[in-house]
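Student: I've got a protein with a ligand to look at, and I'm not sure how to read it. Can we go through it together?

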Amino acid sequence: MQKIVIEGGRPLKGEVTISGAKNSALPILFATVLADGPVMLRNVPELEDIQTTLKILQFMGAKHSNGYPKSLKIQPTGLKHCEAPYELVKTMRASVLAMGPLLGRFHQAKVSLPGGCAIGARPINLHLKAFEQMGAKIEIEGGYVNAHVPGKKRLQGAKIHFDTITVTGTENVMMAAALAKGQTVIENAAREPEIPDLANILNKMGAKVYGAGTETIVIDGVDDLKGAEHSIISDRIEAGTFMIGAAMTGGSVTLRDTESLMVEALTAKLEECGAKVTVSPKDGSIKVEGPAGGAKNLKSSDITTAPYPGFATDFQAQYMAMMTVSQGTSVISETIFENRFMHALEMKRMGADIQIEGHRAIVKGVKKLSGAPVMASDLRASAALLLAGLVADGLTEVHRVYHIDRGYENIEKKFRALGARVKRAKVKY
Ligand code: EPZ
């Protein structure tokens, strides 16, 4: 087991290049199952979750080159197992994204039910209901979802209305519908930037997907899809993590290879708190400058998480780290997941003043956090604890760093290059 050790007290200064988006690369990797030829992907981040996905594709019979992050070639022509096994799914719930492509192309899928998760129950009922509306029969047996279209026929296009906006639910249906017979309409679709990115590669493969990025997506099913080339969009959550880090350490960080449009809600909030955000008209890089003297000169401000283009739930933990040392009191309302405040309990161990009341956290800024050994509970919580360590007195140790390696490429290298004192170490016992 490993931990990340942070010595606090130094502002982040310099430039950082943002990697490809994990939450775009995952659905796009599963979408290669739909193609009858090789798919070349560029800007794929080097992450645990990507490795896990490649193992699942390999289990199914697809081959891949190891050229990432620059280029990753998937050869899906050898696919024969329409199954995502428990051993792999248990480490990554996004494996549910295998279902849509398998049902779309092979009219059957056997995927282990994703287990619980620290941030919430995260059911997949909306995915399964949509597949049933498209003609699939769904059975849950032995912890697996067995789905098949009777008579091995193709899925039928259908009108799908999501009661709750679901990102991977929208993606799963888009991929299933691409090869279904007839038209599928998705109403109340997710609008996250990863959705248009998936639609772009599906259309390059020959699909007919319209309206991605809006709340209504129309997909006209086609008979087959061919190989394509695509570069993954940059990771807006990684970008936001560094933007918050720059603001709360009173530093000055320029982010390269990112897209300011994807972080507008966070940008507005950081400016409201007193950080300065400048987007270069030349190359689109984003410069974030925190107030002189650091977080104590930041103002507190309330947030409520919401589906895109609202304030992303994946920024909530990192933003809370900033609020623990800002002036005044802020109310953080988490509306997407029912248990996404685990990081608050760890920050309290560092001296933060946080009261949890249901889905709201009331955060009173304190003068200083003190370094402490803390436990990461999920991907974004681990990043938030690392940020808290940057402004804490003394040493902070973030344990269970496998969470952070799932979603952040070379995280301590990138922070060290910005002047932070961060290193990885072995946990003794
Ligand atoms: C995606 O998860 C992201 N993961 C999450 O990022 C992100 O936090 C989340 O969207 C919200 O933006 C990937 O894209 C791989 P949802 P997803 O379905 O699709 C409920 C990270 O840190 N719901 O949009 O699983 C669900 O419980 C991760 O990178 C149902 O009730 O989230 C939640 O309350 C964490 N039934 C809400 O909808 C369903 O069938 C939104 O979940 C599906 C979802």
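Student: Which helix supplies the largest share of the shell around the ligand?

Tutor: Keep in mind that this is a predicted model. To read a shell, you take the residues near the ligand and see which elements they come from. Here H5 gives the largest share, three residues. Helices H1 (22-31), H5 (125-133), H6 (167-178) and H12 (379-391) each supply at least two shell residues.

Student: How many residues surround the ligand, and which are the closest?

Tutor: There are 21 around the ligand, and the closest are Asn125, Thr166, Thr168, Asp314 and Ile336. By type, the shell splits into nine nonpolar, seven polar and five charged residues.

Student: What lies 2.8 Å from an oxygen atom of the ligand?

Tutor: For polar contacts, look for pairs of N or O atoms within 3.5 Å. A backbone N or O atom of Val167 sits 2.8 Å from a ligand oxygen. Leu126 also has a polar backbone atom 2.8 Å from an oxygen of the ligand. With Asn23 it's a polar side-chain atom, 3.0 Å from a ligand oxygen.

Student: How much of the ligand does the protein bury?

Tutor: On its own the ligand exposes 820 Å², and the protein buries 87% of that.

Student: Why is H1 largely enclosed by the rest of the structure?

Tutor: Count the buried residues, meaning those under 20% relative accessible area. In H1 nine of the ten are buried, so the rest of the structure largely encloses this helix. Among them are Lys22, Ser24, Leu26 and Phe30.

Definitions and conventions:
Residues are numbered from 1 along each chain as its sequence is written. This is a predicted model: local features need pLDDT of at least 70, side-chain atom pairs count only at pLDDT 80 or more; totals for chains, interfaces and linings use all residues. Side-chain values use heavy atoms; hydrogens and water are left out. A residue is near a molecule or strand if one of its heavy atoms lies within 4 Å of it. A polar contact is a pair of N or O atoms within 3.5 Å; within protein, one must be able to donate a hydrogen and the other to accept it, and residues adjacent in sequence count only if both atoms are side-chain atoms. Accessible areas come from the Shrake-Rupley method with a 1.4 Å probe; for residues, only the protein chains shown count as cover. Helices (H or I, at least four residues) and strands (E, at least two) are DSSP runs, numbered from the N terminus. Ala, Val, Leu, Ile, Met, Phe, Trp, Tyr, Cys and Pro count as nonpolar, Asp, Glu, Lys and Arg as charged, and the others, Gly among them, as polar. Buried means under 20% relative accessible area, exposed over 50%, partly exposed in between (1.4 Å probe, protein chains only).
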